[in-house]
Amino acid sequence: MTQLALVIDLNVCVGCHACVTNCKEWNTSGSAGALSDDNPYGKDPTGTFFNRVQTYEVGQFPKTETVHFPKSCLHCEDPPCVPVCPTGASYKRKEDGIVLVDYDKCIGCRYCSWACPYGAREIDEHQKVMKKCTLCVDRIYDENLPEAERQPACVLACPTTARIFGDVHDPDSVVSVAIRELGGYQLMPEWGTKPSNHYLPRRKNHVSYKKDELERVDNPLKKEDYQVDASEPSLDDVTSW
Amino acid sequence: MQPAFSVIFLTTLIGMGQGLFLALYTGQVYFVLNVVDIASTDVFYSIGSAVSIVLLILGLVASVFHLGRPERAWRAASMWRTSWLSREVIILPIAMALISLYGMVHFMGWNLSVMTIGAVVIELSLIIGLLATIAVFSLFIATGMIYACLKFLQEWHSPLTVINYILLGSVSGFTLATLIAAYKQPELIPFFAGWSIVLLVLAFIFRGASLIRNKRLRPKSTVQTAIGIRHNQIKQKSMGFMGGSVNTRDFFHGKTAFFLRSVKNIFIIMVFAIPLTLLISALIKPSVMILAIATASMYVGLLAERWYFFAEGNHPQNIYYQTIA
């Protein structure tokens with residue numbers, strides 16, 4: 001079974017918001033209609049976004065680290081937003097595990113947004129239906145695009161490759177290997193939603209040496225280059241500089 | 001959560017309507033079983049059922065304002081296998097139909113006796129009433145479960161939520177029945193007022209229990225689990241945008257702790273203290289005026305109670321929206 005998802009590497013995210021703008025751009029231009037944007041340059045701008053980058057400070061000054069944290073729908077394996085929907089507009093695709101909203105069936109009751117602990121769903125104030133990240137379902141299967149571009153807009157936009165896209169159920173996929181080898185984790189595991197999107201933690205690589213690894217103990221003459229053949233005269237022996 | 005007035009009116013109005021029907025039917029069952037010797041008149045049943053139906057319709061109208069696309073509301077009946085909201089949407093019209101039928105049978109005098117068990121005569125309305133009672137309780141459960149089934153809204157995720165919807169709806173309906181009795185059949189006042197007082201005390205105990213429970217709750221989700229970073233000191237520096245969004249509007253009431261406390265105190269006084277005093281005084285000296293004040297105080301109090309119920313729900317998504325920039 002396929003479960004498409006994103007793996008987001010917090011170690012390399014620089015918080016540039018390129019994924020946010022590219023997501024907005026792609027999803028406001030699609031066949032589902034524009035994503036709301038009210039007063040974009042006015043006093044109280046508001047709008048619908050599928051993806052946001054937040055910033056957290058970890059630790060206490062001066063020992064702090066700034067963590068940029070992109071957040072979009074996690075396409076849970078057990079999505080709490082789906083069973084609560086009274087119309088069946090909210091559903092999880094069997095073939096690839098993407099959680100979607102059928103905008104033609106949604107009655108805009110907002111119950112699914114109450115049922116999502118991550119705040120991943122936003123109502124479109126103009127179309128009056130619930131919207132959310134589609135994992136760019138209208139891109140990733142589009143055969144008119146070159147194969148390298150059949151990826152979510154946010155992934156294509158990321159300048160540091162902090163976002164990887166793939167099938168988390170395929171153990172050999174690049175996302176599965178990253179989760180397995182770099183300590184990938186899920187958000188709010190306490191609610192049993194089993195998010196498909198994973199996050200890779202901050203990592204610092206330290207190499208540790210022991211003293212005897214730098215300084216050889218089995219070298220009684222303290223000569224570093226013991227491979228020099230002492231039977232032959234060296235340059236120092238035959239010339240005076 | 002940000003309380004939505006459409007849902008506040010929906011739940012309080014249909015609760016009162018359901019409670020009123022339960023009051024009428026309780027009176028009938030008690031008379032049939034010879035527990036009380038005063039029968040409600042057909043006029044009383046008809047008026048009571050009509051008022052109950054009006055309340056349910058008003059609730060339904062209020063609910064429409066909650067929908068973005070009310071023209072598609074019929075679709076909401078489709079997912080009854082998984083969704084309590086869908087179940088509520090199905091049961092509400094069934095309950096309305098059965099209560100209407102119950103009122104019609106009394107109003108038109110179609111109340112034939114269907115059979116006799118021993119000395120007990122089973123009338124047609126008794127059977128319809130039984131079905132309507134089942135529908136009314138199912139509706140209470142569906143309404144309560146809409147909120148109680150959301151496990152990460154810890155304040156709501158408790159059997160107390162369902163119990164309180166049943167008890168608060170019932171007590172407001174019984175109080176309204178007492179008022180209608182004062183208009184049309186004052187000899188029924190002791191029966192309905194007595195039941196109202198019993199339900200009021202029960203509702204106070206269970207609503208109080210839920211207040212105490214919620215005060216002691218510790219949120220399971222923290223900023224650590226929300227972003228998955230294991231450090232004791234994590235501060236949000238930016239939520240990612242400086243304008244508003246659904247996330248900043250829909251999930252927080254935006255009021256001060258003092259305001260919240262005031263609403264709580266107001267509803268405790270208006271739902272429990274004032275009606276209790278007035279119901280006891282009505283037992284001693286029946287008066288339409290006093291019972292009208294008791295009913296009005298209870299209903300307004302219930303609006304505050306429901307506002308508080310929604311506002312008290314602490315949604316974990318708020319963890320992600322603490323700092324603008």
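**Close-up 1. A three-stranded sheet shared by chains A and B.** In this predicted model, three strands line up as an open sheet in the order 5(A)-4(A)-3(B), and their pairing is antiparallel. Who sits at the edges? Strand 5 (63-72) of chain A and strand 3 (234-238) of chain B do; each has just a single partner strand, so one side of each is left without a neighbour in the sheet. On average, neighbouring strands here are turned by 30° against each other, if you ignore direction.

**Close-up 2. Strands 4 and 5 of chain A, with a helix packed on the sheet.** How many bridges join strand 4 to strand 5 of chain A? There are 10, and the two strands run antiparallel. If you want a pair to look for, try Val53(A), which stands opposite Pro70(A) in strand 5 of chain A. Helix 1 (residues 18-28) of chain A packs on the sheet and touches both of these strands; its direction makes about 165° with that of strand 4 of chain A.

**Close-up 3. Where the sheet crosses from chain A to chain B.** Strand 4 of chain A also pairs with strand 3 of chain B, in the antiparallel sense, over four bridges. Find Tyr56(A) here: its bridge partner in strand 3 of chain B is Gln236(B).

**Close-up 4. The side of chain A that touches chain B.** Zoom out a bit, and 46 residues of chain A are in contact with 45 residues of chain B. Which element of chain A gives the largest share of its side? That's strand 4 of chain A, with nine residues. Sorted by class, this side of chain A has 27 nonpolar, 10 polar and nine charged residues.

Technical notes. Residues numbered from 1 in each chain as written. Chains lettered and ligands numbered in written order. Predicted model: local features only at pLDDT ≥ 70, side-chain atom pairs only at ≥ 80, totals over all residues. Pairing = 2+ DSSP bridges. Axes fitted to C-alpha atoms, helices over the stretch in contact; angles between N-to-C directions. Contact = placed C-beta atoms within 7 Å. Nonpolar A, V, L, I, M, F, W, Y, C, P; charged D, E, K, R; others polar.
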